[in-house]
Structure formats: C-alpha cells, structure tokens
Amino acid sequence: MVLLAHAARVLAYERTAEERDDLAPMAQEYLKRDVRAVLTALLDATPDVGIPGEKLLGDERGHCVDRADMTAAWGAMIDVILDKGISA
C-alpha cells in the first residue's frame, strides 16, 4: 500500500540517509517489516486514543460519535494501511 511504502521510505532515509529504492531488496523488506510492526503496535491503542477525535467530531463539529467510535475508526484506518482488505 502507498502509505506503508511511504513510511518505509521515510524510515530508510532517517536510518541511512539513503533513498529506500537505493537499498538492497532485503533491506527494503526489513524496513517494511519494521513499519508494519509499529503500525500493529498502534492497533493496541488504549481507549484514550479516541478522545481527540471525539472532541473534534463530537464537540466541535456536532456529530454523534463517542470515544468507542473513534477508537474503532482508528483501528480501521490502521488496518487499511496494513492492507488487511478493509475497503477504503
């Protein structure tokens, strides 16, 4: 997925000051694996991750959402980035 590849490119540059595409194929795969590990860890977010979204959409924009809705949305967005087949 585009976002995963973008994150791997940024990580490559931060680690090596080289573009990801210039690295050996195995190094590119390691970077993608590392990005996936971080994103997977973000799936285990506490319910507090939904608080800013609840405030923005619920309080400031008047939508009917709560913290659980926002936490579920967070997980769905991460799943899309991880390309688990959830529709975008």
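Two residues are said to be in contact when heavy atoms of theirs lie within 4.5 Å. In this predicted model, residues 24 or more positions apart account for 40% of the contacts with a separation of 6 or more.

The chain holds 4 helices and 0 strands, and from the N terminus the elements run α-α-α-α. Of its 88 residues, 24% count as buried. The accessible surface comes to about 6,100 Å², and carbon and sulfur atoms supply 58% of that area.

A good place to begin looking inside is the largest nonpolar core, which has 10 residues: L4, A8, A12, L23, L31, V35, L39, I78, I81 and L82. Helices α1, α2 and α4 are the elements that each give two or more residues to this core. One core member, V35, shows how such packing can be followed residue by residue: apart from neighbours within four places in sequence, V35 is in contact with L4, A7, A8 and L11.

Helix α4 deserves a closer look. Its 15 residues, 67–81, should span 21 Å at 1.5 Å a residue, and this agrees with the model because the end C-alpha atoms are 21 Å apart. At the N-terminal end, D66 acts as a cap, with a side-chain oxygen 3.1 Å from the backbone nitrogen of A68. Along the helix, the buried residues are M70, G75, I78, D79, V80 and I81. These buried residues of α4 pack against α1 (2–16), α2 (25–43) and α3 (51–60). Just after α4, D83 takes a positive phi of about 60 degrees.

Key: Residues numbered from 1 in each chain as written. Predicted model: local features only at pLDDT ≥ 70, side-chain atom pairs only at ≥ 80, totals over all residues. Heavy atoms only, no water. Expected span 1.5 Å × (residues − 1). Buried < 20%, exposed > 50% of the residue type's maximum accessible area, 1.4 Å probe, protein only. Polar contact = N/O pair within 3.5 Å; in protein donor to acceptor, adjacent residues only side chain to side chain. Core = buried A, V, L, I, M, F, W, Y, C linked by side-chain atoms within 4.5 Å. Areas by Shrake-Rupley, 256 points an atom, 1.4 Å probe, with all protein chains shown as cover.
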